[in-house]
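Thank you all for making the time this morning. I would like to walk through one model with you, going from its charged pairs to its sheets, its core and its surface.

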Amino acid sequence: QMMTENMPNFRGISALYGLNYVPGPWMSAISVSKGAGSVINGYEAIAGQISVDYKKPATSEKIFVNAYGNSEGMIEFNANTGIRLNDKWSTAILAHGDWLTMEHDGNHDGFLDMPKTTQYNVMNRWQYKTDTWFLQFGGKFLDETRLGGQKGFRKEMRGSYGEGTLYGIGIDSRRYEGFLKLGYLMPQYENTSMAILVNYTDHDQDSYYGARDYQARQQTVFSNYIFQSIFGQNENQKYSAGLSFNFDRYDESFNDYLVGSGQKTATVDFDRNERVGGAFFQYTGLFWQKLTVMAGLRYDYHNIFGSFVTPRLHLAYAPDDFTMLKVSAGHGARTANILADNSYLLASANSVYVNDKLLAAHPEELDRLDMEKAWNFGVQLNRKFLLFDRILNINLDYYRTNFTDQVVADNETQVGKVNFYNLDDDSYSNCYQVEVKYELIPRFDVLGAYRYNDVKTTMGGRLLRAPLQSKYKGLLNLSYYTNMKKWQFDFTTQFNGPGRIPVPVSENSGQADRFDSFRIMNAQISKFFRKWSIYAGCENIGDFTQKHPILAADRPWSDAFDSSKIWGPVHGRKFYLGLRFGLDRE
């Protein structure tokens, strides 16, 4: 579940883009929690939550500027300013722009390694604060264009298709956001408060993949009323209760391209309105200053899928300052948006089916897909040791997600067909991770991590490992800064294990059905001055790329064309240079 300042965001049509819509310099914090999240924030968190906090008007820099450029011609500019109008009111303006207009085809297959992109992103937020009232409101606007496909393709060529024409991919997005957060501390009741959170988004996307057209617009209103207090006079026994309402209006249209006939299907519309009202209660208790219990339950009623209950439980036990054991369990649900969630599959020769029926001819089949629902269970152990007067931090965790309902995207049962249907057997994920942090010598930090992924889904009666995902991943990060932090040096190696490539069982093309392990190395050097800093680095130092990422790249209108089987980087070594300037508050 993606959130911005504890309000659900980047969901539905925009789910795949997520943090691409949040410029890094805008962030003041990012919180990542594994497992089932809090019921206060809704029912959609299944495997975890990510919440981004933007810079606040009263605490952000007076002026901050970040400029970036890389060897592939990408330019990025970020700026923000925070203005305190008086003791109660403050405002902030945040701006972002990035441009990539050069065509790159490092493997010479005729297709761009990355789309040409232009993004403009601006945000204005206001804050009002007294001893008892807290108010935040603001708005955000984003405009982004992405243009990919074969070299030489231009937007004016859209609409032409078939042999002798260039294959192009374009995604134009325009997004508006508005939010309001109003909080009140009740002076007559100790440790008691209430808040109202409202978030509005309007996301409009116009996209095409070769001859396919996919237009989508989503308008969302999310509102949440939260009341928090304590039981009696005990500050260690707290509760939160409230009501929520979420409204989504989807307007989607799609036409398919049938490779066999070389014709486009008629455009079909599948629009819907989703209204979900809910109520929740969450208890948080601290016992013996060592055990924390957080138990939550929410009830929601969906106008299409009916009512459902979401229970969640979190336990944290800390017998001493060096040990923490956490256990969690919970349920989550979400509505699948098959085209938005799997848009990469549209850039292939596969036609889109739902329940074995061509979507363009039977749009009513979408109504027969159920919500996705899953249980998540997890345990995490954190242990610190004092080694040579420095802290050695070891973290072990295991999480299992078990789907009871899932919308499966099956492109492995029949050639030329991607079929969406509800899960009819097992689907689960087991993730094991170990992480070690240690300051090897003063100012030299070492971070190592290893994760093993056991992820399987039943497709076509076969229980298969999730495709295009590495069986394991590793990370080694070395970071050193000099005395007074005038210089900082960072080096990171990412280890990616082998994985499976989806190949339809009815196909005898001889194409590989697995990929080997590989690693990616990155490095950065930063020089700090009083008010500004300069940094330079290199990504993918070893220049590793996936060979032949696009099947039949020389025949994009044939039934063999497929650009959806990418498991590794498609662009090679990249150098970059950046400059930061900040004027902090006194």
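Let me begin with what I am counting: a salt bridge here is a side-chain nitrogen of Lys or Arg within 4 Å of a carboxyl oxygen of Asp or Glu. By this rule the count comes to 34 salt bridges, and please keep in mind throughout that this is a predicted model.

The pair I would like to show you in some detail is Glu5 with Arg125, whose closest N and O atoms are 3.0 Å apart. Glu5 sits in the loop between strand S1 (2-4) and strand S2 (7-8), while Arg125 belongs to strand S8 (residues 116-129), so this salt bridge ties together parts that are 120 residues apart in sequence. Are these two residues buried or exposed? Glu5 is buried, with a relative accessible area of 4%, and Arg125 is buried as well, at 0% relative accessibility. The pair also belongs to a wider arrangement, in which Glu5, Lys56, Arg125 and Lys181 are linked in a network of salt bridges.

Two further pairs are worth setting beside that one. Lys357 and Glu365 meet through their side chains at 3.4 Å, N to O; here Lys357 is partly exposed, at 33% relative accessibility, whereas Glu365 is buried, at 2%. In the salt bridge between Glu435 and Lys437, the N to O distance is 3.8 Å, and both partners count as partly exposed, Glu435 at 21% relative accessibility and Lys437 at 42%.

Let me turn to the strands. There is an open sheet of four strands, in the order S22-S21-S26-S25 and with mixed pairing; its edge strands, S22 (357-358) and S25 (407-410), each pair on one side only. Within this sheet, strand S21 (residues 351-354) and strand S26 (residues 417-422) pair in the parallel sense over four bridges, and Val352 has Val418 of S26 as its bridge partner.

Further along the chain, strand S28 (residues 444-459) and strand S29 (residues 462-465) run antiparallel and are joined by four bridges, with Lys456 standing opposite Arg465 in S29. This hairpin has two residues between its strands, and Gly460 takes a positive phi near 60 degrees in it.

Now to the nonpolar residues. In soluble globular proteins, nonpolar side chains tend to be buried together. The largest nonpolar core in this model has 55 residues, and those with the most contacts inside it include Tyr167, Phe254, Ile338, Val352 and Phe420. The largest share of this core, four residues, comes from strand S12 (residues 212-231). If we take Ile338 and leave aside residues up to four places away in sequence, it touches Val354, Leu359, Leu366, Leu369, Val407 and Phe420.

Which residues form the nonpolar patch on the surface? The patch covers about 780 Å², and among its members are Leu313, Leu315, Tyr317, Leu325, Val379, Val434 and Tyr450. Strands S19 (306-320), S20 (323-334), S23 (372-387) and S27 (427-441) each supply at least two residues of the patch, and S19 gives the most, with three. Leu325, for instance, lies in strand S20 and is partly exposed, with a relative accessible area of 33%.

Definitions and conventions: Residues are numbered from 1 along each chain as its sequence is written. This is a predicted model: local features need pLDDT of at least 70, side-chain atom pairs count only at pLDDT 80 or more; totals for chains, interfaces and linings use all residues. Side-chain values use heavy atoms; hydrogens and water are left out. A nonpolar core is a set of buried Ala, Val, Leu, Ile, Met, Phe, Trp, Tyr and Cys residues joined through side-chain atoms within 4.5 Å. Buried means under 20% relative accessible area, exposed over 50%, partly exposed in between (1.4 Å probe, protein chains only). Contact means heavy atoms within 4.5 Å. Patches are made of residues with over 30% relative accessible area and no salt bridge: like charges are joined within 9 Å, nonpolar side chains (Val, Leu, Ile, Met, Phe, Trp, Tyr) within 5 Å. Accessible areas come from the Shrake-Rupley method with a 1.4 Å probe; for residues, only the protein chains shown count as cover. Two strands pair if DSSP finds at least two bridges between them.
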